[in-house]
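Let's take a walk through a protein fold, one piece at a time. Keep the picture open beside you and find each part as we get to it.

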Amino acid sequence: MHRIQVTPAHEIVVDRGCLARLGGLLDGLGVDRPRSVVTNTTVGPLHGVRAAEALGAPAPIELPDGEAYKRWGEVASLFARWLEGGLHRQHTVMAVGGGVVTDLVGFASAVYLRGIRWLAAPTTLLAMVDAAVGGKTGFNLPQGKNLVGAFWPPRLVIVDSESLATLPVRELRAGLVEVVKVAWVGDHVLLDLLARPIAEYGSIPPSAWDDLVVRAVQVKAGVVRKDLRESGARKALNLGHTLGHALEAATEYQRFLHGEAVAWGIQAAARLARNRGLLDQEEMARLCGVLNGLGPFPSVDLIGVDDALDRLALDKKRDDLGVGWVLPTNDGVVLDQRVSADEVRQVLGELKRFG
Ligand code: NAD
């Protein structure tokens, strides 16, 4: 078992096969067993039900599956179910699922009775290395993604890499992109571990999965520890996200999984950085080479450059000076880089030819 302490009240445990013996694991760690397990209709039959059984908890609450359900109505339905079940302030709840379930349950627990404890058992790679780590929770509004939220870290994140065995390969690929991102930010040895074509991931040994998740979580934990509320260092984790979000929005969230759009975003950021002399050509080729190994990703063709630029101008993280890009350097990243429309046009043109 690997234990990573993010803060005194926010710990990550990576322990293969642990979902089947959750009750004993929590008892051993001195963490209260949850009274309510929340999952979705896909993950429930695969992992949620057995997790609840291993805890001796009631059958899990199953939310509908999909980003479209990361909305207020589902949060309100959790409040109703928890009140009905008699959950009070001393009780704990648990999320079993990907980033959508994790974000929703985290937010609901942040505000239910002014805050109750929660645990997360992420079942996608993206949720294991990103969504469940660091305490950002929230839901979408019709006007945009993640517009309401709270910082409310789960007491414990329980990662069972065995649950990845049922994850569709497209989701795995998208999660691996976020691992590439953290590797560039803080662990270039991890980047070398990722330098293999996607087809080979099916045959890597289970212990290698644990190693990969632990290393990625350690980078994110290190960043979050310095800057829990994303006012400085944590912005590094937005590498690839500025253009990634614009591409997702320009395609009405239909073409790309988030990680796929971020893969294009990192490639664009790498080219911008190279053009500005921040990143050597060989290092750019190394970063883009690892990402290409995880592809192919849905193409960026047919996305109008002006449309992408318009979406960039609406970036949620803009300030009075515009959008602050994170750009990769030879040994990490630089934050808050102001990039002109012409620079973006040039790299988008390159990516289109390339894609
Ligand atoms: P997701 O939760 O929608 O899961 C992807 C799909 O995989 C879903 O259909 C889900 O039901 C299915 N699934 C999950 N685990 C499975 C398993 N083990 N086997 C088979 N199917 C499984 O998407 P995601 O990529 O995990 O998360 C994306 C969400 O996370 C977004 O809403 C994003 O905003 C959020 N996010 C939050 C943070 C944060 O810091 N809070 C960070 C990154 C992303």
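Before we start, one term: two strands count as paired if DSSP finds at least two bridges between them. Keep in mind, too, that this is a predicted model.

With that term in hand, look at strand 7 (residues 136–141) and strand 8 (residues 144–151). These two run antiparallel and are joined by five bridges. They form a hairpin, with two residues between them. To see one bridge up close, find leucine 141: its partner in strand 8 is glycine 144.

Now for the sheet. Seven strands make up an open sheet with mixed pairing, and their order is 1-2-9-6-5-3-4. The edges are strand 1 (2–7) and strand 4 (61–63), each of which pairs on one side only. From one strand to the next, the twist averages 20 degrees. Over at the strand 1 edge, strand 1 pairs with strand 2 (residues 10–14) in the antiparallel sense, over five bridges. One of the bridges you can look for has isoleucine 4 facing its partner in strand 2, isoleucine 12.

Helices lie against this sheet. Helix 4 (residues 99–111) packs on it, touching strand 3, strand 4, strand 5 and strand 6 (117–122). The direction of helix 4 makes about 165 degrees with that of strand 5. Helix 2 (residues 43–55) lies across strand 3 (36–40), strand 4 and strand 5 (92–97), and runs at about 170 degrees to strand 3.

What about the inside? In soluble globular proteins, nonpolar side chains tend to be buried together. Here, the largest nonpolar core has 98 residues, and the members that touch the most others are Trp82, Leu176 and Leu194. There is also a second, separate core of 20 residues, with Leu22, Leu29, Val31 and Ala57 among them. Back in the largest core, which residues does leucine 176 contact, leaving aside its neighbours within four places in sequence? They are Leu125, Leu194, Ile198, Tyr201, Trp209, Leu212 and Leu294.

Next, find valine 182, which sits in helix 6 (residues 169–186). Is valine 182 buried or exposed? The cut-off for buried is under 20% relative accessible area. Valine 182 has 3% relative accessibility, so it counts as buried. Setting aside residues up to four places away in sequence, valine 182 touches Asp187, Ala216, Val219 and Leu237. You can also compare two distances here: valine 182 and valine 223 are 41 residues apart in sequence, and their C-alpha atoms are 9.7 Å apart in space.

Helix 9 is another good stop. Nine of its 10 residues are buried, so helix 9 is largely enclosed by the rest of the structure. The buried ones are His241, Thr242, Leu243, Gly244, Ala246, Leu247, Glu248, Ala249 and Ala250. Just after this helix, glutamate 252 takes a positive phi of about 55 degrees.

Which helix does helix 9 pack against? Helix 9 (residues 241–250) packs with helix 12 (residues 305–313) at an angle of about 115 degrees, and their axes are 8 Å apart. The crossing is right-handed. On the helix 9 side, the contact is made by Thr242, Leu243, Ala246, Ala249 and Ala250. On the helix 12 side, Asp307, Ala308, Arg311 and Leu312 take part. Sorted by type, the residues of this contact are six nonpolar, one polar and two charged.

Our last stop is strand 10 (residues 325–329), where five of the five residues are buried. In a regular strand the side chains alternate between the two faces of the sheet. In strand 10, Trp325, Leu327 and Thr329 point one way, while Val326 and Pro328 point the other way. A hairpin of two residues joins strand 10 to strand 11. Strand 11 (residues 332–337) pairs with strand 10 in the antiparallel sense over four bridges, and leucine 327 has valine 334 as its bridge partner there.

Finish with threonine 329, which belongs to strand 10. Its relative accessible area is 10%, so threonine 329 is buried. Not counting residues up to four places away in sequence, threonine 329 touches Trp184, Leu278, Leu279 and Val334.

Conventions
Residues numbered from 1 in each chain as written. Predicted model: local features only at pLDDT ≥ 70, side-chain atom pairs only at ≥ 80, totals over all residues. Heavy atoms only, no water. Core = buried A, V, L, I, M, F, W, Y, C linked by side-chain atoms within 4.5 Å. Buried < 20%, exposed > 50% of the residue type's maximum accessible area, 1.4 Å probe, protein only. Contact = heavy atoms within 4.5 Å. Axes fitted to C-alpha atoms, helices over the stretch in contact; angles between N-to-C directions. Left-handed = near helix turned anticlockwise from the far one by under 90°. Nonpolar A, V, L, I, M, F, W, Y, C, P; charged D, E, K, R; others polar.
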